[in-house]
Amino acid sequence: MIRILIIDDELLARSIVKEYLAAYQQVEIVQECNDGFEGVKAIVQYRPDLIFLDIQMPKINGFEMLELVESPPDVIFTTAFDEYAIKAFEAHAVDYLLKPFSRERFDRALQKWMERRQGGQIQMYIPAEAIAGQMQLNTNRVVVKNGGKIRIIPFAEINYLEAADDYVKIHCDDGVYLKNKTMSYFEQVLDAAYFTRSHRSYMVNVQKITRLEPYEKESYLALLASGDKVPVSKTGYGKLKQVLGL
Amino acid sequence: MGSYLHKFLYLGFWFLWSAIHALILSEWGYHPKDAWMDSLVSNVWLATVCAFITYCLRYYLPRRERLTYLLLLSVVFVVVWTAAARYTIPLFENSMLTDNFSDTLYLRAAIAWLIIICVILMNVIWYTQEEQKEQERRKNEAERIAKDAELFKLRQQLQPHFLFNSLNSISALVVSDPRAARGMVHQLSDYLRSTLKKEEDKWVTLSEEFEYLQLYLDIEKVRFGNRLSVNIKSSEDSLQMKLPALLLQPVVENAIKFGLYDTIGNVDIGIRSAVAENMLVITVQNPFDFEVSKPKTGTGFGLNSVHRRLHLLFGRTDLLNAQGNENVFTTTIKVPQL
């Protein structure tokens with residue numbers, strides 16, 4: 001049996017996927033989800049083989065949802081976004097279906113996935129940041145999972161970021177969150193006017209800085225409004241001085 | 001005198017002119033030293049007067065019909081120059097210079113006057129040209145912005161995302177509920193037809209605008225089912241009030257979009273209209289989630305175009321207001337009645 005999950009906020013959009021899938025006897029639809037939150041839960045619970053995923057959904061979009069899942073299942077996107085925007089991640093998803101799509105197009109996508117599965121090809125890396133901008137999705141935030149709770153952190157609320165192995169620790173007033181991304185990813189998406197790489201392992205929200213004080217030889221500490229102290233290297237100090245206009 | 005080049009040319013001209021002046025006086029039998037002294041007194045003053053004229057014209061350029069004013073100005077400056085030079089010369093205590101200067105006063109004044117007129121004319125021509133260039137540049141810029149806006153508007157009007165999602169719903173309904181599918185085809189057609197027909201500069205009554213809005217809402221209801229409910233309440237008198245076409249539409253779309261995509265669960269949109277102080281006042285409310293949206297009060301979200309349009313139409317910036325508190329986001333538009 002192939003276990004399939006459908007995630008879309010529109011009932012009719014889900015029903016058409018269901019209708020097309022009815023022709024496949026080896027397929028079992030384990031659940032239908034209205035949004036990304038239900039989606040994350042269902043993925044953990046059912047471990048589906050394949051998900052049909054809409055992109056624009058309530059609160060968190062399809063890409064953000066995938067980021068919250070460790071080793072996400074294969075994905076076929078179903079979306080009304082235009083082809084141009086979708087091209088950017090064409091290579092990374094199994095396939096994408098542009099709404100409205102025909103049964104033939106749907107079959108082709110599913111066939112492609114089945115072939116890949118048999119060939120044991122593992123893929124799935126979606127560079128959400130590469131496409132989010134083009135699709136005019138809300139990009140000024142990062143979505144994290146903390147225990148069972150999903151937290152949406154607007155960039156402006158971040159105090160500072162700290163590199164920790166494969167993760168980045170996001171320090172906010174209400175706690176520390178882990179995100180499975182690299183510092184260089186954040187350097188790309190965060191506005192350079194507000195965030196500065198103050199140290200090899202630290203990025204600081206410039207607006208939260210209250211004071212810079214000398215620390216050891218040739219290094220400094222940035223004091224934040226939250227009371228945190230963030231290490232600043234010699235080069236970091238140069239960058240901060242520039243951004244702060246000192 | 002915009003650049004260094006201009007200043008350099010200006011000084012160069014005066015140096016040349018002073019030299020010619022001195023040369024002529026030498027020819028007349030002046031001692032070279034006296035000739036230069038005479039020339040410098042005359043021309044330093046003249047250069048100062050001309051620089052002052054240039055400076056003034058930069059900030060105030062008279063229109064073409066004020067040419068008599070320019071002529072008068074030139075006469076005033078000639079008198080000023082003559083007086084200045086006349087009273088500076090005796091300071092050198094050289095009676096030959098002073099006497100000769102007084103003897104040739106009218107000739108000198110005439111030459112100075114010609115030069116001053118030349119400077120004024122050159123300035124007027126130069127600044128007028130600059131002004132025309134600036135106007136041309138501004139016109140091109142305005143045209144470019146208008147073109148961009150036109151393209152943007154076309155794309156907005158078409159709303160590809162909305163359109164394709166609606167078609168997808170129809171595609172689903174065709175099998176499960178053909179009758180509903182046909183209904184939606186008609187709704188979508190009606191909506192598209194009125195979108196194409198709409199002219200932005202036309203004013204419509206609120207009830208007409210509501211009819212158009214209803215077409216849009218009906219389609220959204222098919223897509224989102226019970227999740228979306230819209231409640232419209234209007235006072236009787238407000239329905240006959242007028243507003244620019246397509247002004248309310250983006251506000252309601254915005255409310256629906258943020259209601260649907262920034263919250264989970266039911267989305268209740270409230271639309272109210274009333275009349276206050278001869279203005280049509282429409283408020284649109286939608287649920288929102290502070291955590292997701294973080295709207296700024298004022299004109300946040302995608303309301304910039306509405307704000308700009310109201311500003312263009314009425315020259316006021318206080319007609320659109322958006323505010324979020326608790327879990328409700330409220331947008332208020334006021335439309336003065338013409």
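**A tour of chains B and A**

Select chain B: of its 338 residues, 27% are buried, where buried means that 20 or more other C-beta atoms, placed from the backbone, lie within 10 Å of the residue's own. This is a predicted model, in which local features need pLDDT of at least 70 and side-chain atom pairs count only at pLDDT 80 or more, while totals for chains, interfaces and linings use all residues. Residues are numbered from 1 along each chain as its sequence is written, and chains are lettered from A in the order in which they are written.

Colour chain B by secondary structure to see eleven helices and seven strands; these are DSSP runs, numbered from the N terminus, with at least four residues for a helix (H or I) and at least two for a strand (E).

Next, show both chains. In the model, 24 residues of chain B are in contact with 19 residues of chain A, a contact being two residues whose C-beta atoms, placed from the backbone, lie within 7 Å. On the chain B side, select helix H6 (160-176), helix H8 (206-224), helix H9 (248-262) and helix H10 (290-293), which each give two or more residues. H6(B) has the largest share, twelve residues.

Now move to chain A and select strands E13 (209-214) and E15 (229-232), the edge strands of an open sheet, each pairing on one side only. The sheet has three strands in the order E13-E14-E15, with antiparallel pairing; strands pair if DSSP finds at least two bridges between them. Add E14(A), residues 220-224, which five bridges join to E13(A). One place to zoom in is Pro214(A), whose bridge partner in E14(A) is Tyr220(A).

Note on methods. Buried ≥ 20, exposed ≤ 12 C-beta atoms within 10 Å, placed from the backbone.
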